[in-house]
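User: I'm new to reading protein models, and I'd like a close look at one part of this one. Could you walk me through the helix with the buried asparagine, plus any odd backbone angles elsewhere?

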Amino acid sequence: MVELYIEREHGNKTCAKKGEEYNTAMLISNRGFRAFTEYDLDANLQNFITQLRKEIEADSSITTTDEEEYVRQKVVAKTLTGIEFDTSNIAVTQREEEIPSRYFPSGFMIDEGESYPKPIITFHIPFTGDEQFLHCKPSTMLMVSDEVDVESGHVIFDIINFSNNAEQVAKQRDEVVGHLTQKAGFLNKDIVAYNGRLEGIVRDALRNAKTKHKDQSDFLGKLGNKPKNG
């Protein structure tokens, strides 16, 4: 699992322009998060590169390890995996909850401040990849936000069945799945680009680290003292 360190984006905006985001999915009883909006992916990828360079620089084995094998192992170890949704195996569950009147669309005879029982349809989308990336904002975004949660290898979201209209619920489901799939595609594109740079980054860091180690060794050699073992 990758470790994300970047501060969350201020507010819930997913694009540069204000007031253009809208929310289509929500979680009624769970505290979830807005998918692909919380952390800046590019900033985190840059952080991964910085940490990789420091890791290689601090690795004393680079002076004796086969360079090609070292590069291969580092690239394999640091290659990132994006998010893939299995949209052909979406599962559904249903429950009933008291829904506050503020959630009701117009046309319902309700009293402000009251709650009314309605069916909640929860969709469960299987996915693969590091779930931390579900929190990351890729370089390309949509002007839409969907509240989700992660549960047992599935991304879940709720839709309230206000009118017992299966066609309407299915339409809302497809919209949310489409948003998530498209955003995952944007994220995966950024990750593929990062992975494509890895070998060059490792080789450059290794070359610089070897030069630094040699310079340090040469300097100590000029002092005329034996290096201390252990």
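Analyst: Let's start with the vocabulary: helices (H or I, at least four residues) and strands (E, at least two) are DSSP runs, numbered from the N terminus. This is a predicted model, where local features need pLDDT of at least 70, side-chain atom pairs count only at pLDDT 80 or more, and totals for chains, interfaces and linings use all residues. Residues are numbered from 1 along each chain as its sequence is written, and side-chain values use heavy atoms, with hydrogens and water left out.

Now to Asn164, which sits in the loop between β9 (154–160) and α3. Asn164 is exposed because its relative accessibility is 67%; the cut-offs are under 20% relative accessible area for buried, over 50% for exposed, and partly exposed in between (1.4 Å probe, protein chains only). Its phi is near 55°, a positive value in a residue other than glycine. Most residues other than glycine have a negative phi.

Helix α3 itself covers residues 166–222, and Asn188 is part of it. Asn188 counts as buried because its relative accessibility is 14%. Setting aside neighbours within four places in sequence, Asn188 is in contact (heavy atoms within 4.5 Å) with Gly82, Ile83 and Glu84. With Glu84 there's also a side-chain polar contact of 3.4 Å. That term means a pair of N or O atoms within 3.5 Å; within protein, one must be able to donate a hydrogen and the other to accept it, and residues adjacent in sequence count only if both atoms are side-chain atoms.

Phe36 also has a positive phi, near 60°. You'll find Phe36 in the loop between β2 (33–34) and β3 (39–40), and Phe36 is buried, at 0% relative accessible area.
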